[in-house]
Amino acid sequence: MSSGASDLDARSALSDSARQTADARETTADGRRAAARRRWRGYLLFAAFALPNLALIAVFSYWPIIENVYLSFTTWDFISPQAEWAGLLNYQSLFSGWSFPEVLFRTLVWVVVVVVVTLVLGLALAMLFAQRLRGANAVQTLAFAPHVLSGAAIATIWLFIFDPNTGLSRLVFEAFGASSPAWTNDDSWALWALIIVSIWKGLGFVAIVYLVGIQQIPAQVLEAARIDGAGRWTQFRRMIFPLLSPTTFFLVITQTISAFQSFDVIAMMTGGGPARSTTTLSWFIYDEAFNRGNVGVSSAASMIMFVVLMAITVLQFRFVERRVHY
Amino acid sequence: MTVMPTAAATEPAPREPGSRRTRWWGVLALVITALVFLIPLYLFVSTAFKTNADINSWPMRLIPRSLTLENFVNAWTLAPFDQFLINSVVVAAIGTVLKVVLAISTAYAFAFLPFPGKRYLFIFMLGALMVPGHVTLLVNYITVGQMNLLNTYAGLILPGVASAFGTFLLHQFFRSLPYEVLEAAQLDGAGHLRRIFSVIMPMARPAIITVGLIALIDEWNGFVWPLIVTNSVNMRTLPIGLLYLKENDGINDWGALMAGTLFVVLPVAIVFLLAQRYIVAGLAGSAVRR
């Protein structure tokens, strides 16, 4: 990353090289003034081209974090004229009972199960796609499609699948002589329903990213292993999986960050219920602010999410740096 | 932020002759995978065209006895889908165009224009990629409220058009362009806009298309921001319209709900099938944090 920024200036200096050779010849005061004018024109143009975007980033990406820190120390309901200072009250109230720690625990279960299962199945699928069987391309496209389709739409489709009376779920459970659970209406099944949908939606994407990684492995490396008598499983365990570790690490980080923020599937299928059994941190943040008007509590919970995700991101940076230096 | 090497995952490499036998378990696994994704999609699309009698009959009717458009009519009467469609098109079209324009101009500025402390501004821009979107919702809602833009197209669009990822991607691409061509254009007296439109944009076409398509898909599928920033039914976009339809009718009318879902999904599905190459390479090749 830093290498991308470091030779920026060198490059733009180069971009002006045509002018600079001309400037070098002009040693008169007039020439210097003209050169300064041109430089200022460059600055102005940069401002015109880049500042609108940078200003939007400042207002809608950075300011929210700063303001959110302040709001987390206040109580407010959107309606009263101003937020009132409350010190650590919001944080204290989050941890005064079991309800919020339960939300955090549920979020942890959600993230770990979704990420681990998606990665394991995704890698298996990638190994399958790498065999180049006939029709594999069509299946890849099919598996990738849910990743680009609206989460709300995918959730609606699965609501129908999970319907215990007319959905596919009834067919599957009856095949085993059981009756279908009520899934999204049953607090011991609802979270698992959402986890299944989330995995289904993300699987194809993970598989394709892994496939790209597998295709980067030089064929000679695997060929050499094969000649040395390594079986397929040994090849996978000793060569392919270790060589894919940068991909795995990258996927763990990005999938974790996005699993933490999953929202549309929850909003569409359960709205955090029944009995808060699907209230993850991201739903909690929304629900406290926009359904209950507890701005302070919501922003305190936001700060917790922010700190956790920043910690994960920093971990990623440190890992990447270490790899680069090797 | 790792940037994965871009490769067209969908392009098959030539099969080495005779090096691999087709294994029956591979074929079986492929068929099962296909079914895992096909069955839910088939049930969804077929239900949108089934009669209520067929939908509610048990054992399940996999093949409908007759097809009907009644579900679409029902969805349309239960919720103003024409208005949702207009809103979605306006938001996605304007949002995408603005985002791409901002990404191109910012990337150009960072690649070719001078500015004191430019590299720090670049890092400032990249830093935005680390900010989790969900954490910004509440304050952005308050900010947009103070701008008096709640429940307007401007409010729907504005926070989403800032482009850090797209700018980064295009910046990398612009810097890889042959420098001689740009210098030649400069010496021919082409101004910055001329250089962007007639030199840079044609050369960077694949990258710009990728950035545009990803922006379009994001805008179209956007859920939590439109949910928060709009409060009247007539300003809702399609995904929120779907939530409205579900809550309005409960889940009693699967036909109408699946028909409504088809409205939401179809445009992106078509774009995806037509431009798969760009989308898969763009998303998987540089797996995006959005």
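The following paragraphs lead through a predicted model of two protein chains, A and B.

Residues are numbered from 1 along each chain as its sequence is written, and chains are lettered from A, with ligands numbered from 1, in the order in which they are written. Because the model is predicted, local features need pLDDT of at least 70 and side-chain atom pairs count only at pLDDT 80 or more, whereas totals for chains, interfaces and linings use all residues; side-chain values use heavy atoms, with hydrogens and water left out.

The secondary structure is described first. Helices (H or I, at least four residues) and strands (E, at least two) are DSSP runs, numbered from the N terminus. Chain A comes to 16 helices and 2 strands, while chain B comes to 14 helices and 0 strands. Read from its N terminus, chain B therefore runs α-α-α-α-α-α-α-α-α-α-α-α-α-α.

Burial and surface come next. A residue is buried at under 20% relative accessible area, exposed at over 50%, and partly exposed in between (1.4 Å probe, protein chains only). By this rule, 52% of the 326 residues of chain A count as buried, and 54% of the 290 residues of chain B do. Accessible areas come from the Shrake-Rupley method with a 1.4 Å probe, and for residues only the protein chains shown count as cover. Chain A exposes about 15,100 Å², of which carbon and sulfur atoms supply 63%. For chain B the accessible surface comes to about 12,600 Å², and 66% of this belongs to carbon and sulfur atoms.

Contacts, meaning heavy atoms within 4.5 Å, give a view of how each chain is connected. Among contacts with a separation of 6 or more, residues 24 or more positions apart account for 64% in chain A and for 71% in chain B.

The confidence of the predictor is expressed as pLDDT, given for each residue from 0 to 100. Chain B has a mean pLDDT of 87, and 90% of its residues reach 70 or more. Of the elements of chain B, helix α12 (residues 224-229) has the highest mean pLDDT, 96, and helix α9 (residues 179-187) the lowest, 82. Over residues 1-19 of chain B, pLDDT stays under 50; the model has 37 contacts beyond four places in sequence for this stretch.

The two chains meet at an interface. The size of an interface is often given as the accessible area lost when the parts come together. Buried area here is that loss (1.4 Å probe) when two parts are put together, summed over both. Between chain A and chain B it is about 10,700 Å², with carbon and sulfur atoms giving 73%. In this interface, 116 residues of chain A are in contact with 116 residues of chain B. A salt bridge is a side-chain nitrogen of Lys or Arg within 4 Å of a carboxyl oxygen of Asp or Glu; the rule finds 0 of them across the interface of chain A and chain B.

Over all chains, a search of the whole structure finds 7 salt bridges. In chain B, B:Asp54 has two partners among them, B:Arg61 and B:Arg65. The closest N and O atoms are 3.8 Å apart for B:Arg61 and 2.7 Å apart for B:Arg65. B:Arg65 lies in the loop between α2 (52-56) and α3 (70-78) of chain B and B:Asp54 in helix α2, so this pair ties together parts that are 11 residues apart in sequence. B:Asp54 is buried, at 1% relative accessibility, whereas B:Arg61 is partly exposed at 31% and B:Arg65 is exposed at 54%.

Chain A holds a network of its own, in which salt bridges that share partners join A:Asp287, A:Glu288 and A:Arg292. Within this network, the closest N and O atoms of A:Arg292 and A:Glu288 are 3.8 Å apart. A:Arg292 is partly exposed, with a relative accessible area of 46%, and A:Glu288 is buried, with 8%.

A:Arg276 is in contact with two members of that network, A:Asp287 and A:Arg292, and also with A:Ser99, A:Val103, A:Arg106 and A:Phe284, neighbours within four places in sequence being left aside. A:Arg276 is placed in the loop between α14 (264-269) and α15 (281-291) of chain A and is partly exposed, with a relative accessible area of 28%.
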